Amino acid sequence: MDPLIEQERLYGAHNYEPLPVVLTRGEGVYVWDDKGNRYIDMMSAYSAVSHGHCHPKLVKALSEQANKLAIVSRAFYTDMLGKFLQKACEATGQEKALPMNTGAEAVETALKASRKWAYTVKKIPQDKAEIIACEGNFHGRTIAIVGMSSEPQYKNGFGPFPPGFKLIPFGDANALQKAITPNTAAFLVEPIQGEGGINVPSPGYLKKCAEICKENNVLFICDEIQTGMGRTGKFLACEHEGVQPDAVVLGKALGGGLLPVSLFLSRREVMDVFTPGDHGSTFGGNPLAAAVGIAALDTLADENLVARAEEMGAYLRKSLEKIKSPLISGIRGKGLLVGLMINPRYYSAREICLRLLKLGVLSKETHGTVIRLAPPLIITKEQIDTVVTAISHALTEAEATLSV
């Protein structure tokens, strides 16, 4: 075993099962291991590295701000936060934003905002507010969030969980309609379920859900932590259906692959329920994070990465469709968020990922049956060709070991 892997396993909690590779450097779509081997990164840290590894504009923004002022906490104003929040609000069509660090923190902010809005604006009786989420969701791993998960492992051993959450099938607008009661505060949904297996709902689903929420005075909140920032070929995935949510949750790529940066964005009526002391974070909205967030948003526009994601995503899916293998049970996704479904009758998706590792392609399975293909948005057709060739070879090699 690599001594660095052994060291991490010895001193670290075993809450992840990484592939057996030790990464030491990254540039663009590539990463290198401790032995000097180069790989194409088809994970981009669950969309956090959408701009590519060590993007020079982002590193420059990080370095310059770090040499001026990194953090002073929200006890004081800074010259960076307002600029960042304005840019993010203009990009999403929202009116106000509350900065946090990780995506899970931003989702927790959404839950708190929804509940306080329900009590102060909608006038739901105190402690009776309900929030509806979808089966198969992944909004984070805090106690409240896993409490509204349908994945047994996320819950096992961590209860009791806070009440006030209700689960419905993903992609079923009628189920939402039936689940809403006078006490419903919000509906929280991922436009595409990433960790759930790159599950894409039928066209019109989000639009219908938005209409149902509006009719019932329920907040329609899109968790765009993985799907936002151009990943699916639109700045927000909900834009594919022309939907303007009541609130949006952003994270991952907002930090440019350098820092944890997240936002909860909404209209004034929702955001103004917060008063000083209601919510906060020592690091949330720090000048360093704000500078990187501004650079991340600017670079996305300057390099036309949203349109590029749409073009390269279509090319990736079309190329994958040319592979003829009994191991492939389907291909789904939008933009550069693609799931290659592996038939569990033959192999697990992890086994194919291990074969791809040997061929210089890094990816990660989800639920044992789907290989996640979500590279940096800067990927080229030539690099996609290399990846597709590797996938084809990995599947051919795997087929050859099957007993006839």
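## Asn-37 and its surroundings

Asn-37 lies in the loop that runs between strand E2 (30–33) and strand E3 (38–41). The model described here is predicted. Asn-37 has a relative accessible area of 38% and is therefore partly exposed, since that class covers values between 20% and 50%.

Leaving aside residues up to four places away in sequence, Asn-37 touches Val-31 and Trp-32. A further reference point for Asn-37 is Pro-201, 164 residues apart from it in sequence. The C-alpha to C-alpha separation of Asn-37 and Pro-201 in space is 38 Å.

## Aromatic pairs

A pair of aromatic rings is described by two quantities, the distance of the centres and the angle of the planes. The structure holds 4 aromatic pairs. Among them is the pair of Tyr-30 and Trp-32, with 6.3 Å from centre to centre and 50 degrees between the planes. This geometry is tilted, because the angle falls neither under 30 degrees, as for stacked planes, nor over 60, as for edge-to-face ones. Tyr-30 has a relative accessible area of 18% and Trp-32 a relative accessibility of 15%. Both residues therefore count as buried, the limit being under 20%. Trp-32 is also one of the residues that Asn-37 touches.

Phe-138 and Tyr-154 form another of the aromatic pairs. Their ring centres are 5.8 Å apart and their planes enclose 65 degrees, an edge-to-face arrangement. This pair links distant parts of the chain, its members being 16 residues apart. Phe-138 is located in the loop between strand E5 (130–134) and helix H5 (143–147), whereas Tyr-154 belongs to helix H6 (residues 152–155). Phe-138 and Tyr-154 are both buried.

## Packing of helices H12 and H13

Helix H12 (residues 349–358) packs with helix H13 (residues 381–400) at an angle of about 120 degrees. The axes of H12 and H13 are 9 Å apart. H12 is therefore oblique to H13, because the angle lies outside the range of 65 to 115 degrees for roughly perpendicular axes and is not over 145, as roughly antiparallel axes would require. The handedness of the crossing of H12 and H13 is right-handed.

On the H12 side, Ile-352, Arg-355 and Leu-356 make the contact. H13 contributes Ala-390, Ile-391, Ala-394, Leu-395, Glu-397 and Ala-398. Sorted by class, the contact of H12 with H13 comprises 7 nonpolar and 2 charged residues, with no polar residues.

Conventions. Residues are numbered from 1 along each chain as its sequence is written. This is a predicted model: local features need pLDDT of at least 70, side-chain atom pairs count only at pLDDT 80 or more; totals for chains, interfaces and linings use all residues. Side-chain values use heavy atoms; hydrogens and water are left out. Axes are lines fitted to C-alpha atoms, for helices over the stretch in contact, and angles run from 0 to 180 degrees between N-to-C directions. Helices (H or I, at least four residues) and strands (E, at least two) are DSSP runs, numbered from the N terminus. Angles under 35 degrees count as roughly parallel, over 145 as roughly antiparallel, 65 to 115 as roughly perpendicular and the rest as oblique. A crossing is left-handed if the near helix is turned anticlockwise from the far one by less than a right angle, and right-handed if clockwise. Contact means heavy atoms within 4.5 Å. Ala, Val, Leu, Ile, Met, Phe, Trp, Tyr, Cys and Pro count as nonpolar, Asp, Glu, Lys and Arg as charged, and the others, Gly among them, as polar. Rings of Phe, Tyr and Trp (its six-membered ring) pair if their centres lie within 6.5 Å; planes under 30 degrees apart count as stacked, over 60 as edge-to-face and the rest as tilted. Buried means under 20% relative accessible area, exposed over 50%, partly exposed in between (1.4 Å probe, protein chains only).
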